[in-house]
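Here is a short report on two sheets and two ligand sites. Have the sequence and the structure open as you read.

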2 protein chains.
Amino acid sequence: MKQYDVIVVGGGHAGCEAALAASRMGCETLLFNINLDSIALMSCNPAIGGLAKGQLVKEIDALGGEMGKVADRTAVHFRILNASKGPAVQSSRVQCDKQLYRLTMKSVVERQPKLHLFQALVDRLLVEDGRVVGVEDQTGVSYGAKAVVITTGTFLNGLIHIGMAHYPAGRAGEMASLPLARNLSELGFEMGRMKTGTPPRLKASTIDFSRLERQDSDPAFEPFSLSTHHLREERLPSYFGYTTPETHCLIRDNIRLSPLYGGIIKGIGARYCPSLEDKVMRFADRQRHPVVMELEGLDTEEVYAKGLGNSLPLELQEKIVHSVPGLEEAEILRAAYAIEYDFVQPTQLQHTLETKILRGLYLAGQINGTSGYEEAAAQGMWAGINAALAVQGRPPFVLDRSEAYMGVMVDDLVTQGVDEPYRMFTSRAEYRLILREDNAALRLTPRGFELGLISPELQEQISGRIQQISEGIKRLSSLRIYPGVNVNSKLEQKGSPAIKNPLSLFQLLKRTDFSWDDLALFSDLPDFPEDLAACSDRNVRKQIEIEAKYEGYISRQREAVARMKALENRRIPPGFDYSAIPGLSNELKTKLSRVAPETLGQARRITGMTQAALAAVLIIIKKWE
Amino acid sequence: MKQYDVIVVGGGHAGCEAALAASRMGCETLLFNINLDSIALMSCNPAIGGLAKGQLVKEIDALGGEMGKVADRTAVHFRILNASKGPAVQSSRVQCDKQLYRLTMKSVVERQPKLHLFQALVDRLLVEDGRVVGVEDQTGVSYGAKAVVITTGTFLNGLIHIGMAHYPAGRAGEMASLPLARNLSELGFEMGRMKTGTPPRLKASTIDFSRLERQDSDPAFEPFSLSTHHLREERLPSYFGYTTPETHCLIRDNIRLSPLYGGIIKGIGARYCPSLEDKVMRFADRQRHPVVMELEGLDTEEVYAKGLGNSLPLELQEKIVHSVPGLEEAEILRAAYAIEYDFVQPTQLQHTLETKILRGLYLAGQINGTSGYEEAAAQGMWAGINAALAVQGRPPFVLDRSEAYMGVMVDDLVTQGVDEPYRMFTSRAEYRLILREDNAALRLTPRGFELGLISPELQEQISGRIQQISEGIKRLSSLRIYPGVNVNSKLEQKGSPAIKNPLSLFQLLKRTDFSWDDLALFSDLPDFPEDLAACSDRNVRKQIEIEAKYEGYISRQREAVARMKALENRRIPPGFDYSAIPGLSNELKTKLSRVAPETLGQARRITGMTQAALAAVLIIIKKWE
Ligand SMILES: Cc1cc2nc3c(=O)[nH]c(=O)nc-3n(C[C@H](O)[C@H](O)[C@H](O)COP(=O)(O)OP(=O)(O)OC[C@H]3O[C@@H](n4cnc5c(N)ncnc54)[C@H](O)[C@@H]3O)c2cc1C
Ligand SMILES: Cc1cc2nc3c(=O)[nH]c(=O)nc-3n(C[C@H](O)[C@H](O)[C@H](O)COP(=O)(O)OP(=O)(O)OC[C@H]3O[C@@H](n4cnc5c(N)ncnc54)[C@H](O)[C@@H]3O)c2cc1C
């Protein structure tokens, strides 16, 4: 039996990051995928990033992951979402050439030293004394490892539904992973069933784009990755349109043909990402719903018909497509479908994403009940890092809720579990004002460097930037302007109110009507920081400006973090007995005993937990200590 | 139920040509593939062309097919095989970027008007009164058509073997097509079982290429297609090496672990394309066998390890790979495997590739018991053309053995059937001296034009070329040189013997030591065809030279064709009663009654047919007439 340090089962978005992280940290890593031609395939839309997801991609990149780099290299349409809103909720989103994305990620994975790639279907885990020691593939070959990461996405017991027909598959046209699903449940994992769906793919030449509203790529765009120096030149537009009353009629009249409504699909879907059936049935008063045509690549006719996801029979799918203005003649290349699959309830995981039942086994991605490429990639990286650290006998890597969106997601998953597919939202992050896309590198690159995933050059560059920012803030804070005709006429010129008291340039930057470039107005001041004002690092300028403009909010959030940490980090002794605590409901007692939170913070986030209950626990802990 | 003219089931090499031909001829055509991402995937090596196969590709191109064009656009390594031998056995072979090939063909198929593409697994045929009227897919949706072409390759009841393990699959990592196989056999088709295999894919960075012999692409190369004007610039080398006594030992010592030898695989493999197990066991005296490392693409580490095909367990595969100098450390990315699959005995087909049992049903490609991309593509095109012609009520399209390699193949298949995977060889073509790669366009472009598959411009170009050639031959034949010092000293200068009698320039071209360029020696002759000698069409020059040099052989072959045609075309009346013919063995009587040959030519090619038996049949026919 060949021995590896880490084995990763599944080369999707989670698996690629897991395997890359582990091998880059020095572990001999073996990555399995059912078919090498489907590595990093985008199961659904050809886009990376988006609200809260852009943050995840930048965090992955800041830690030394790959998703952002590959997205940058293969993107053909760029957008900043919420560009007009505050920096906390701004996110980047790109559309990629789907085939290029897949091939580029495959070639990165192939070229990574210590990463061994192999095409095979893994059927079961090898277990010894409560520890996973390897895996066995479909042909009965065994492979040994000190840690195993499972990232099998929607493939465990995958079952595709189109109308009343259903058949096993991991994705349309791909085989499901049946024995591994059985094996996990035999090993004692509590499994659940979820469902997701995808819209039809249409043929570009059969769409009347003139009847849809064209949206071009944003002209300027900040790449996801710190190491991207140029983007490709080709750009593809998107096209916007709407469903019609006819669309809605078709669905209402035929809803009994939807497996979602016929009671056939038992898996839980995401409320926030409803199928078209759901939208029509649940929001009966809405006259129309938006649809977006996203081209899947530079050299293909395939178009992703966002907004038209459903699980109705093919004939109805066609009628629905044709009811949308511009799509009257559109041909379907791939049918829409829903898929049900098994997931593992993530309360069975520790914060490292190691399972509680089986030592050495880590789970990441859709198998944990999440949804989305970025969520998968972030977990994959996290699990890969922790698997490597465990193999190397180093302490685990866990980011908390104030450090990263990743930290929020993992904490949510392992503490609260999931009752529908979990997707990242900015609203899930209490401290989203300090967890911005724009400061992901500042927050996490040093951590990536410690892990060995960030090169010394990059780390130096970022720590230089961090220093420039804090120095810049200091210098701008110490340089004051004084009320007077000279100064106030300059301000007036910019449409900014006159000052009555002395003010530092940093304070001036707080004004919404005063921007970094306006600093130049005061270049005649002695000690004016010429070098800083002309700083070529856009990022330094942006950070200082954000720190100025949002100083009040940011410092309040930093204080909240400090308070939270003090409480959060309060450890609950292992084996803590909840049954004896007065004033706790039986339900909460059972829950707390099952989850066995390690800290008060973790206890706090258990669903159903109240302030009163938390106080009761805190009292007992204090007594104990 | 949606109605089409032609439905093609399977988007491999046969299916793509079938669907393109039918739609280009004006038929509304629907093409199914299990997964749109595997259209035109090369199941085995990343090469197009080769001995006798290059001829097929040029014939496909001359008729207006696509394989040659896509190969030209994606090729990264070029060779002329048998470059030092006669033109009849010279063939072109290229290695392509496998992913580019697939994506390029997909994009051609997507962009073809009247061609409708759809991802689905077809489960059964719809039949009415002995006629196929459509198909039904996995989800129960029906699609109507006037003709159906099945091109499902190795997918019917596909079963993969690696050592003693086996599991259903159409190719590694892809699902098999089980219900359609059952349906065909229920419809009364005689099915057989074949097997083929593929070598492992190795990781380039783990190969020590310095221990292998590098072979670079040929610098000059004639594209496959008449319409290719430039080839891509990137080139990839190949690397040659050899197995060792250790390799052979490993196989001999473990032969009981091979499913081929353990009696587990029942399907018939090709004798001419033995697996490594076969080579070692059957040619025990051979000290070594060649292996070639072919890079699968520009941007991938995958290397096709030609010559190392086997079906042994993975651990042994690794040892075998490592026993080859240069591959000591090589890592396997995809395991070698053997696959068994169902085929339909092609004696159940007419010369149009329509089945005898079910009107409107055509079969093409590996399903007919052949092997190879080019064989599949040629049949696919043939079946697609005939399906379209039938739908349009036009007479069928059949090339005979003297017109094309395609004609040889189809005639062999439907007349003799197959007892092992059928592959094209130059030796199968009796008239190979007139069925050359270099004259494929001259032979077949006019036919492609008649079918509507060749543009008027291209047809004009080719008919211009045909005229230039025949005129050129005339002009060179009429221009004579006379013995004399002036002439003979020129000849001597080229190392060519002096002449004693007058000789035409055409006769002079017969000499092996006298080439086209040497004609210029006689440019001082009055009436010297300046324009012809300087003709920019390399092809015209080449054709005239070949016609000169091989005139004797060629004309003898043309006469043989004429004699054959007279006899071949002699029709056998339908329902002809063989039982009463004296001197025919019972076995032959049964065979003849079953095959029911339409012509004497077809009867002649039935295996077991003797000259005497043929004469007996001829006598009765003459009596009848
Ligand atoms: C139909 C569909 C619709 C979707 N819609 C959306 C959506 O609208 N929005 C959204 O955010 N997300 C959507 N998703 C989810 C998104 O695709 C996933 O969240 C993301 O791809 C998960 O990444 P992953 O790495 O966990 O798994 P995947 O990307 O699914 O990759 C799993 C990989 O594991 C491999 N594998 C599986 N089993 C084995 C085994 N036993 N041995 C070896 N290899 C194995 C597979 O070959 C595959 O490559 C959808 C997914 C599907 C299938
Ligand atoms: C393992 C292996 C090794 C091989 N080795 C060699 C070799 O050494 N030399 C050689 O010359 N040839 C070899 N071949 C054969 C070569 O790949 C085939 O001859 C060639 O690809 C056949 O082309 P095709 O179009 O007939 O079928 P394929 O290329 O097999 O394509 C069949 C297509 O049909 C689709 N399909 C199947 N069933 C259905 C259905 N029910 N509904 C919808 N779509 C369907 C599939 O998705 C597939 O795309 C090998 C093949 C395999 C699998």
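In this predicted model, chain B has an open sheet of three strands, ordered S3-S5-S4. The pairing is antiparallel. Strand S3 (47-49) and strand S4 (75-81) of chain B stand at the edges. Each has a single partner strand, so one side of each has no neighbour in the sheet. From one strand to the next, the twist averages 20°.

Look at the pairing of S4(B) with strand S5 (residues 91-96) of chain B. These two strands run antiparallel and share six bridges. Within the sheet, Phe78(B) sits opposite Val94(B) of S5(B). A helix packs on this sheet: H2 (residues 53-62) of chain B. H2(B) touches S3 and S5 of chain B. The direction of H2(B) makes about 75° with that of S3(B).

Chain B also holds an open sheet of six strands. The order is S14-S15-S16-S17-S13-S18, and the pairing is again antiparallel. Which strands stand at the edges of this sheet? They are strand S14 (213-215) and strand S18 (332-334) of chain B. Each has a single partner strand, so one side of each is left without a neighbour in the sheet. Ignoring direction, neighbouring strands here are turned by 35° against each other on average.

Inside this sheet, strand S15 (residues 238-242) and strand S16 (residues 290-295) of chain B run antiparallel. Five bridges join S15(B) to S16(B). Tyr239(B) stands opposite Met293(B), which belongs to S16(B).

Now the ligands. Around ligand 2 there are 35 residues. The nearest are Ala14(B), Asn33(B), Val122(B), Gln366(B) and Gly372(B). Around ligand 1 there are also 35 residues. Here the closest are Ala14(A), Asn33(A), Val122(A), Gln366(A) and Gly372(A).

The table lists polar atom pairs for both ligands.

| Ligand atom | Protein partner | Distance |
|---|---|---|
| Ligand 2, oxygen | His13(B), polar backbone atom | 3.0 Å |
| Ligand 2, nitrogen | Thr196(B), side-chain N or O atom | 3.3 Å |
| Ligand 2, nitrogen | Ser371(B), side-chain N or O atom | 3.4 Å |
| Ligand 1, oxygen | His13(A), backbone N or O atom | 3.0 Å |
| Ligand 1, oxygen | Ala14(A), polar backbone atom | 2.8 Å |
| Ligand 1, nitrogen | Ser177(A), side-chain N or O atom | 2.9 Å |

How much of ligand 1 does the protein cover? On its own, ligand 1 has 980 Å² of accessible area, and the protein covers 96% of it. For ligand 2, the protein covers 96% of 980 Å².

Several elements of chain A give two or more residues to the shell around ligand 1. They are helix H1 (13-24), strand S2 (29-33), strand S12 (191-198), strand S19 (337-344) and helix H9 (373-391). S12(A) gives the most, with three residues. The shell around ligand 1 has 15 nonpolar, 18 polar and two charged residues.

In chain B, the elements that supply at least two residues to the shell around ligand 2 are H1 (13-24), S2 (29-33), S12 (191-198), S19 (337-344) and H9 (373-391). The largest share comes from S12(B), with three residues. By type, the shell around ligand 2 divides into 15 nonpolar, 18 polar and two charged residues.

How values were computed. Residues numbered from 1 in each chain as written. Chains lettered and ligands numbered in written order. Predicted model: local features only at pLDDT ≥ 70, side-chain atom pairs only at ≥ 80, totals over all residues. Heavy atoms only, no water. Near = heavy atom within 4 Å. Polar contact = N/O pair within 3.5 Å; in protein donor to acceptor, adjacent residues only side chain to side chain. Areas by Shrake-Rupley, 256 points an atom, 1.4 Å probe, with all protein chains shown as cover. Helix = DSSP H or I, 4+ residues; strand = E, 2+ residues; numbered from the N terminus. Nonpolar A, V, L, I, M, F, W, Y, C, P; charged D, E, K, R; others polar. Pairing = 2+ DSSP bridges. Axes fitted to C-alpha atoms, helices over the stretch in contact; angles between N-to-C directions. Contact = heavy atoms within 4.5 Å.
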